[in-house]
Amino acid sequence: MIEEGAENLKKLRNKIDTTKMKAPAFLMVLIGVGDYAYRRQDGVYVVPIGYLKD
C-alpha cells in the first residue's frame, strides 16, 4: 500500500504545470499505524497518523 501511494504521488507531481503553480514542497504517504516516520530513498515521507497530533 505504501509503495502504491508513493508511486501515485510521484505521477501526480509530474502532472503539475509548474508555470502556473509551485511544485509540491514534499510528498507524504499517511499511514494508520506505525512506530516511526521515515523518508524513503525516492524522497517520499511515510508518516503514521499518530505523529500529526500535539
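**View 1. Strand 2 and strand 3 run antiparallel**. This is a predicted model. Strand 2 covers residues 38-39, and strand 3 covers residues 45-48. They are joined by 2 bridges. Look for R39, which stands opposite Y45 in strand 3. The two strands form a hairpin, with 5 residues between them. In the turn sits G43, whose phi is positive, about 95°.

**View 2. Strand 1 pairs with strand 3 in the parallel sense**. Strand 1 is made of residues 28-31. Its pairing with strand 3 extends over 4 bridges. Find L30 and look across: V47 in strand 3 stands opposite. Strand 3 therefore has two pairings to trace, one parallel with strand 1 and one antiparallel with strand 2. A general point helps when following side chains here. In a regular strand, side chains alternate between the two faces of the sheet.

**View 3. K10 and E7 form a salt bridge within helix 1**. Side chains of opposite charge can pair when their charged atoms come close. Here the N to O distance is 3.0 Å. Where do the two residues lie along the chain? Both belong to helix 1, residues 2-15, and they are 3 residues apart. That spacing separates them by about one helical turn. K10 is buried, because its relative accessible area of 16% falls under 20%. E7 is partly exposed, at 31%.

**View 4. D42 and K10 tie the loop to helix 1**. Their side chains meet in a salt bridge of 2.9 Å, N to O. Which parts does this pair tie together? D42 lies in the loop between strand 2 and strand 3, while K10 lies in helix 1, so the contact links parts that are 32 residues apart in sequence. D42 is partly exposed, with a relative accessible area of 29%.

**View 5. R40 also reaches D42**. The side chains of R40 and D42 meet in a salt bridge, 2.6 Å from N to O. Is R40 buried or exposed? R40 is buried, with a relative accessible area of 16%. Its partner D42 is partly exposed.

**View 6. Salt bridges link five residues in a network**. The members are E3, E7, K10, R40 and D42. How many salt bridges are counted? The count comes to 4. Three of the links can be traced from the views above. E7 meets K10. K10 meets D42. D42 meets R40. E3 belongs to the network too.

Definitions and conventions
Residues numbered from 1 in each chain as written. Predicted model: local features only at pLDDT ≥ 70, side-chain atom pairs only at ≥ 80, totals over all residues. Heavy atoms only, no water. Buried < 20%, exposed > 50% of the residue type's maximum accessible area, 1.4 Å probe, protein only.
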